[in-house]
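Here is a short tour to read with the model open beside you. Take your time and rotate as you go.

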Amino acid sequence: MRALCYHGKHDIRCETVPDPTIEDGRDAIIKVTACAICGSDLHLYDGIMPGMETGDVLGHETMGEVVEVGKDNTKLKVGDRVVVPFTISCGECFFCRRGLYSGCERSNPDKAAAEKLWGHSPAGLFGYSHLLGGYPGGQAQYLRVPYADVGPIEVPEGLTDEQVLFLSDIFPTGYMAAENCNIHGGDTVAVWGCGPVGQMAIKSAFLLGAERVIAIDTVPERLALARRSGAVTLDFMDEDIYDKLQDMTSGRGPDSCIDAVGTEAHVTASADSVLDRVKTATFMGTDRPHVLRQAINCCRNFGTVSIVGVYGGLLDKMPMGSAVNRGLTFRMAQTPVQRYLPELMARIERGEIDPSFIITHRAGLEDGPELYKTFRDKQDGCVKVVLKP
Ligand SMILES: [Zn+2]
Ligand SMILES: [Zn+2]
């Protein structure tokens with residue numbers, strides 16, 4: 001089959017690799033009909049996620065048709081059309097039984113490496129390094145889905161691939177970011193980052209009852225998209241974000257602040273941002289948490305900071321004094337996708353949201369390597385790339 005493979009920093013190739021086969025009775029093989037490039041794939045592309053190996057197949061936002069089912073899998077049958085969550089979960093362990101699927105204790109065979117770095121291991125993920133299981137990803141013609149009787153959700157008649165594909169990651173992730181804000185009527189939610197997850201968080205905040213959403217970015221197309229969803233927008237290159245948010249909230253700060261940027265924040269002129277850049281470039285720090293620091297300082301007393309941007313390691317100069325003295329709540333996770341799927345599929349079916357609004361680029365798998373670059377550089381108005389193998 002053809003697949004997008006990692007060959008080092010800024011080197012992704014569309015190559016022929018062996019077709020996947022059933023390895024366990026609960027597996028299924030999916031013929032991929034649509035897959036997407038995620039913002040967190042860019043951390044792989046930029047070479048900052050440890051544990052990647054040459055030839056690893058990328059991709060964790062995938063859907064398609066079931067073409068083969070393992071002998072112990074009683075849930076799926078050949079011909080089913082399914083969306084595959086990016087988290088791989090057994091459905092039976094301590095965490096899965098509690099609905100915390102992204103904490104699955106069994107799905108990461110490389111857990112020792114993750115435990116060394118993070119204390120404990122989260123679930124295995126598709127196409128996301130050998131720290132997280134080294135599972136081949138879904139930017140490919142076929143995908144082996146382990147524990148396929150737990151993760152995949154069947155697509156109801158009448159919905160297109162593009163309407164449901166983002167249930168694999170960014171819609172549940174953006175929704176969780178908003179849900180974690182514990183929104184009450186009248187609330188103001190500020191969202192840093194208007195990439196795909198930020199856009200889903202903006203829509204979700206309104207679905208969950210926010211009165212006002214303030215969206216922060218600098219890319220004109222992304223800000224325009226946020227405005228179309230009803231957000232007020234701020235360009236961080238033009239405005240002092242702290243001052244502006246104070247002005248807009250009677251000097252109190254937003255009720256909740258969502259960081260949908262993560263580790264590779266745009267370098268601004270602020271001193272902390274420049275220092276982050278130097279430290280990561282010289283391998284003295286692993287992340288550039290400028291946005292998170294700002295979100296903490298901007299949040300109102302006893303407000304919530306909700307983090308969905310990806311961070312990899314140790315963060316420098318976190319303003320814990322601000323957080324502790326003002327009673328902030330921190331919420332964050334790799335999304336336990338399976339937990340959200342029935343509810344969010346129903347919202348799509350009822351027409352409350354059509355997540356395909358963010359798609360700007362559609363192409364075949366062969367164009368994938370070029371589109372990684374376009375997406376990373378935010379060129380050509382690129383917000384979200386969908387590939388049809
Ligand atoms: Zn993703
Ligand atoms: Zn589990």
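What follows covers a metal site, a sheet, the nonpolar cores and two backbone details.

This is a predicted model, in which local features need pLDDT of at least 70, side-chain atom pairs count only at pLDDT 80 or more, and totals for chains, interfaces and linings use all residues. Residues are numbered from 1 along each chain as its sequence is written, chains are lettered from A and ligands numbered from 1 in the order in which they are written, and side-chain values use heavy atoms, with hydrogens and water left out.

Let's begin with the metal. Cys 90, Cys 93, Cys 96 and Cys 104 each offer their SG atom to the zinc ion (ligand 2), at 2.3 to 2.4 Å. Donors here are N, O and S atoms within 2.8 Å of the metal (3.2 Å for Na, K and Ca); water is not among the atoms, so sites may look incomplete. Along the sequence, the donor residues follow the spacing C-x2-C-x2-C-x7-C. The site is tetrahedral, with angles of 104 to 115° among the four donor atoms; for four donors that term requires all angles to lie between 85 and 135 degrees. Ideal tetrahedral angles are 109.5 degrees. Both Cys 96 and Cys 104 are buried, where buried means under 20% relative accessible area, exposed over 50%, and partly exposed in between (1.4 Å probe, protein chains only).

Next comes an open sheet of six strands, in the order 12-11-10-13-14-15 with parallel pairing. Strands are DSSP runs of E with at least two residues, helices are runs of H or I with at least four, and both are numbered from the N terminus; two strands pair if DSSP finds at least two bridges between them. Strand 12 (232-235) and strand 15 (329-332) are the edges, each pairing on one side only. Within the sheet, strand 13 (residues 256-259) and strand 14 (residues 304-307) share four bridges, and Ser 256 stands opposite Thr 304.

The largest nonpolar core has 95 residues, and Phe 166, Leu 167, Phe 171, Ile 258 and Leu 387 have the most contacts inside it. Such a core is a set of buried Ala, Val, Leu, Ile, Met, Phe, Trp, Tyr and Cys residues joined through side-chain atoms within 4.5 Å. Strand 3 (residues 28-37) gives the largest share of this core, seven residues. Apart from it lies another core of 20 residues, including Cys 257 and Leu 292.

Finally, two residues other than glycine have a positive phi:

| Residue | Phi | Relative accessibility |
|---|---|---|
| Ser 129 | near 85° | 3%, buried |
| Phe 302 | about 60° | 64%, exposed |

Most residues other than glycine have a negative phi.

Key:
Tetrahedral: all angles 85-135°; square planar, octahedral: opposite > 155°, others 65-115°.
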